[in-house]
Amino acid sequence: MKVNEIFTSIDGEGIRQGFLCSFVRLYGCNLHCSYCDTRYACENNSYTDLSIGQILDRLNGFNVYNVTITGGEPLLAEGIKELVQTLADNGYFVNIETNGSVDYSRIWTREERKSLSDRLFLTVDYKLPDSGMEKMMAPGNFRELQSGDVLKFVVQSRKDLLAMRDFLNSNQHISASIYVSPVFGRIAPREIVEFMQEFNLTGVRVQLQIHKFIWAPDTKGV
Ligand code: SF4
């Protein structure tokens, strides 16, 4: 598999925020979000080819059993299903961060996801207008979210916040945890909270990417 980096840090966001976590960053992405902070994992062949066994060996060396597979866009990687199964079989709790454009029902059936639900959850982005990528979203992804999954909105303007509200109003069945976070430096977190108050968004949690406060915002491998 094409691996950009493997490291441990704290999970900077989502339901495991603040816990130690191992990360496998896979190479390549099909989107070009306006706010992307990981282009280094998407271009210039910046990867090492590792087998699933080699990835497992690297992770076993850390002895940290929460693992996040990220990118780039990890669901594009050949072998992603086998990697997840191997990690689950070896006691890992896997989070996959995916950009919302890749139909994950082509990788796992609903039943397969259910059978993995104590070992795997998905953190699925819904890309908002100012990302430039909203048209790339695969609608089925949001219908298939399970209760252990995370739906994540990254916002940089009031326009994005309004689009998030409209999306949630039209998708009230979603049982995943819902998070909204600011593009670092582009919108004041307070503006998000005030928007939540204005529209009484009680089902949404605001979060800050804490690794960008602990380290310099552009630090890699943290
Ligand atoms: S999906 Fe993620 S990695 Fe790909 S361009 Fe957007 S922010 Fe960057």
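Q: Taking helices (H or I, at least four residues) and strands (E, at least two) as DSSP runs numbered from the N terminus, which strands does helix H5 lie across?
A: This is a predicted model, where local features need pLDDT of at least 70, side-chain atom pairs count only at pLDDT 80 or more, and totals for chains, interfaces and linings use all residues. Residues are numbered from 1 along each chain as its sequence is written. H5 covers residues 158-170 and runs at about 155 degrees to E7 (N-to-C axes fitted to C-alpha atoms, for helices over the stretch in contact, on a 0 to 180 degrees scale). The strands under H5 are E6 (120-126), E7 (150-155) and E8 (177-182).

Q: And which strands does helix H1 lie across?
A: H1 takes in residues 52-62. Its angle to E1 is about 15 degrees, and the strands it lies across are E1, E2 and E4 (66-70).

Q: Which strands sit at the edges of the sheet?
A: The sheet is open and mixed, with nine strands ordered E3-E1-E2-E4-E5-E6-E7-E8-E9 (pairing takes at least two DSSP bridges). Two of these strands pair on one side only: E3 (48-49) and E9 (204-206).

Q: In E2, what is the bridge partner of Thr8?
A: Strands E1 (residues 2-10) and E2 (residues 20-26) run antiparallel, joined by seven bridges. Across that pairing, Thr8 is matched with Ser22.

Q: Which residue of E6 stands opposite Ile96?
A: E5 (residues 93-98) pairs with E6 in the parallel sense, and five bridges link the two. Opposite Ile96 you'll find Leu122.

Q: How many residues of E6 are buried?
A: Look at both faces: Leu120, Leu122, Val124 and Tyr126 point one way, while Phe121, Thr123 and Asp125 point the other. That fits the usual pattern, since side chains in a regular strand alternate between the two faces of the sheet. Both sets are buried (20 or more other C-beta atoms within 10 Å; exposed is 12 or fewer, partly exposed in between; C-beta placed from the backbone). E6 is largely enclosed by the rest of the structure, because the buried count is seven of the seven.

Q: Is Thr98 buried or exposed?
A: Thr98 belongs to strand E5. Leaving aside neighbours within four places in sequence, its contacts (C-beta atoms within 7 Å) are Glu73, Pro74, Leu75, Tyr104, Leu122 and Val124. Since Thr98 has 23 C-beta neighbours inside 10 Å, it counts as buried.

Q: How far apart in space are Thr98 and Leu75?
A: In sequence, 23 residues separate Thr98 and Leu75. In space, the C-alpha to C-alpha distance is 6.7 Å.

Definitions and conventions:
Contact = placed C-beta atoms within 7 Å.
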